[in-house]
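Subject: Structure handover

Hello,

Here is the structure I promised to pass on. My notes follow below it.

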Amino acid sequence: FANEPVMRDWGYIDDSDRFATPGLMLDTWYDTAISSSIRLFQHMRRTAPGQHLIIAPGTHCRFHGSDGHVGEMPVGPQAQRDYDALFVAFFNHRLRDAPAPGLAPVTYYMLGADRWLEASEWPPAESRPLALTLSAGEAQAQDGRLLPPGQEPASGFVHYLADPGDPVRSLGGATCCTGDPAIIEGPAYQDAIEGRPDVVVFTSDPLEHPLRIAGPVAAVLHLSSDAPDADIIARISDVSPDNRSLLIQEGALRLRYRNSFSAPALMEPWVPVEARIPMRDIAYQIPAGHRLRLAIASSSFPRLERNLQTGGRNFDETEGRRARIRVHTGSDMPSRLLLFALQDD
């Protein structure tokens, strides 16, 4: 949506902008704007020489986590870097003709593997697209499976009832600046909310080999509802053998904006639509024996405002309505999870 008129009116960078100045950009996997930072880096390097991007394992306010953790995920001491020294070396090179600091175009931290990696571009050249297909469970149960390429999904749907009066609470993710130290930022265990009836999950079989995700993540879902509008919150998580579900990354979409911000379109009752829910970028290694999970809900409160689901002006309405929502699966409505995965060394 970066090139829509409203974005240009607000002065956001679009495809017509050109750059000529070298740059060094630093962001983190659990900053709300990580994917925007990556797109900006990609755009600037088309015309400007000497662009470098560093993606740290932390959050908006803490580049490399806190006390050996990012959220509830432990990280090793190698996550720490002397960013001030890097910044000074970069400026000394560009402004004082000092030696170059030896940075790759992209330097990023692989969570789960606990190591820094380098790449000439993002996603890395060794990373390949991977599509996992959603498959409905038996008897339209409120769960389903994530299938690898080559397996045929079951036709059907999973369903849930979204009530803005009882929203799913925010739990980890790209949260920042709340002033409440009890609020977890970044990876957080999702067990407390995945048991709710208004959260449906699709889970893979245990992995035979580690899965190294490196690139953008998105869910492409076929959805229908009896309400004219709803939000879709999509989260992927790392499920351990003891069934603990640790958030990897998340994203959200208000369905009226599934086509564009400038031309919103409300839903028709029970007419399926296809919607792409971007879930930011990530570099994360899931160990062998663990499972990958996609969870779908319609709220993440209070980080995101509740959608009252009336189809009206959410900002000045006071009454909401419940929405029955179906996530459709099958070869005729192929809902899927899209990743990039590094190939074996």
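Arg324 counts as partly exposed, because its relative accessibility is 46%. Keep in mind that this is a predicted model. I start with Arg324 since a salt bridge runs through that residue.

Salt bridges

The partner of Arg324 is Asp226, with N and O 2.9 Å apart. This pair links distant parts of the chain. Asp226 sits in the loop between strand 11 (211-225) and strand 12 (231-239), while Arg324 belongs to strand 16 (residues 323-329). The two are 98 residues apart. Asp226 has 18% relative accessibility, so Asp226 counts as buried.

The total is 16 salt bridges. Another one joins Glu194 and Arg293, whose closest N and O atoms are 2.7 Å apart. Glu194 is in helix 4 (residues 191-194) and Arg293 in strand 15 (residues 291-297), so this pair ties together parts 99 residues apart in sequence. Are these two partners buried or exposed? Glu194 is buried, because its relative accessibility is 15%. Arg293 is also buried, at 9%.

Arg336 and Glu274 make a further salt bridge, with 4.0 Å between the closest N and O atoms. This pair, too, links distant parts of the chain: Arg336 lies in strand 17 (residues 336-342) and Glu274 in strand 14, 62 residues apart. Arg336 is partly exposed, with a relative accessible area of 24%. Glu274 is partly exposed as well, at 44%. There is also a network: Asp166, Arg196 and Asp198 are joined by salt bridges that share partners.

Cavities

How many cavities of 30 Å³ or more are there? The count is two. The largest has a volume of about 70 Å³. Its lining is made up of Ala162, Asp163, Pro164, Val168, Asp198, Ser298, Ser299, Arg306, Asn307 and Gln309. By type, that lining divides into three nonpolar, four polar and three charged residues. Asp198 is thus on the wall of the largest cavity and in the salt-bridge network.

The second largest cavity has a volume of about 30 Å³. Asp231, Ile233, Ser298, Ser299, Ser300, Leu304, Glu305, Arg306 and Asn307 line this one. Here the split is two nonpolar, four polar and three charged. Compare the two lists: Ser298, Ser299, Arg306 and Asn307 appear in both.

Helix 2

Which residues of helix 2 (residues 34-44) are buried? They are Ile34, Ser35, Ser37, Ile38, Phe41, His43 and Met44. Their cover includes strand 1 (23-30), strand 2 (51-59), strand 5 (106-110) and strand 14 (273-286). Strand 14 is where Glu274 of the Arg336 pair is found. As background, an α-helix has 3.6 residues a turn, so residues three or four places apart point the same way.

Take Ser37, which lies in helix 2. Ser37 counts as buried because its relative accessibility is 13%, and the cut-off is under 20%. Beyond its neighbours within four places in sequence, Ser37 is in contact with Met25 and Asp27.

An exposed loop residue

Pro149 offers a contrast with Ser37. Pro149 is in the loop between strand 8 (143-147) and strand 9 (156-162). At 56% relative accessibility, Pro149 counts as exposed. Leaving aside neighbours within four places in sequence, Pro149 is in contact with Leu130, Ala131 and Leu132. How far apart are Pro149 and Asn307? They are 158 residues apart in sequence, and 34 Å separates them in space, C-alpha to C-alpha. Asn307 is one of the residues lining the largest cavity.

Best wishes

Terms used: Residues numbered from 1 in each chain as written. Predicted model: local features only at pLDDT ≥ 70, side-chain atom pairs only at ≥ 80, totals over all residues. Heavy atoms only, no water. Buried < 20%, exposed > 50% of the residue type's maximum accessible area, 1.4 Å probe, protein only. Helix = DSSP H or I, 4+ residues; strand = E, 2+ residues; numbered from the N terminus. Contact = heavy atoms within 4.5 Å. 1 Å grid on protein atoms, 1.4 Å probe; cavity = no way out; pocket = protein on both sides within 12 Å on 5 of 7 lines; lining within 4 Å. Points joined across faces, edges and corners; volume = space filled by probe spheres on them. Nonpolar A, V, L, I, M, F, W, Y, C, P; charged D, E, K, R; others polar. Salt bridge = Lys/Arg side-chain N within 4 Å of Asp/Glu carboxyl O.
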